[in-house]
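Here is a walk through one model, from a helix surface to its strands. Please keep the sequence and the 3D view side by side.

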Amino acid sequence: RISKFLAVAMGIYGLLVFNIFLIVIAFFIYFGVTSEFQEMVLDKALEGLRTRDLMSEEVITVRPDTSISDLKELMMKKHHLGYPIVEDGEIMGIVTLEDMKKTDNPEEPVETILTPKVISIDKDDSASEAFHKMNQNSLGRLIVTDESGQMVGIITRTDLMHAIKVVTRLPGAE
């Protein structure tokens, strides 16, 4: 609050003395403090929660030869917008609704549009770390792995947002 107040005061002073440099600095301080405060609130809300506490253990996977039209049907039926592509127990990549925009051919197999870089997180990592990893990589989901690197679940941005809503509405939450 103090930093925000000082930023506003600096901005007003910059306006009064016609100093654009002070106004720009005040702007950056104000918005920097705001985003840092939001990050602190999220970290506090997720404190003590592990990825394993929020992940879905039943992961629906898709074979690489699945057609895009079949994937579209699956997305409509299951209400998920991203699926790991698995063949012989190995994760080949992940395919999302966004990936489906890469082609106009609904009969094309998903292996031609999948994103091969799969970002995962360990089941024992903090939920806060999962949130930051998603934000840093602009992802909606992470594959959750165990110590041996095997997929044991999936965690989505929705899972994290749901947990934050529940935790912040519990009695005793600040």
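**From helix to sheet**

I20 lies in helix α2, residues 20–46. Helices (H or I, at least four residues) and strands (E, at least two) are DSSP runs, numbered from the N terminus. This is a predicted model: local features need pLDDT of at least 70, side-chain atom pairs count only at pLDDT 80 or more, and totals for chains, interfaces and linings use all residues. Residues are numbered from 1 along each chain as its sequence is written, and side-chain values use heavy atoms, without hydrogens and water.

I20 is exposed, at 61% relative accessible area (exposed means over 50%, buried under 20%, partly exposed in between; 1.4 Å probe, protein chains only). I20 joins F21, V24, F27, F28 and F31 in a nonpolar surface patch. Together they offer about 680 Å² of accessible area. Such a patch takes residues with over 30% relative accessible area and no salt bridge, with nonpolar side chains joined within 5 Å. A salt bridge here is a side-chain nitrogen of Lys or Arg within 4 Å of a carboxyl oxygen of Asp or Glu. Areas follow the Shrake-Rupley method with a 1.4 Å probe.

Now the strands. Two strands pair if DSSP finds at least two bridges between them. β1 (82–87) and β2 (90–96) are antiparallel, over six bridges. P84 faces I94 of β2. The two strands form a hairpin with two residues between them. In that turn, D88 has a positive phi of about 55°.

An open sheet of three strands follows the order β3-β4-β5, with mixed pairing. β3 (120–122) and β5 (151–156) are at the edges with a single partner strand each, so one side of each has no neighbour in the sheet. β4 (141–145) runs antiparallel to β5, joined by five bridges. R141 stands opposite T156 in β5.

How values were computed:
Patch = residues over 30% accessible without salt bridge, like charges linked within 9 Å, V, L, I, M, F, W, Y side chains within 5 Å.
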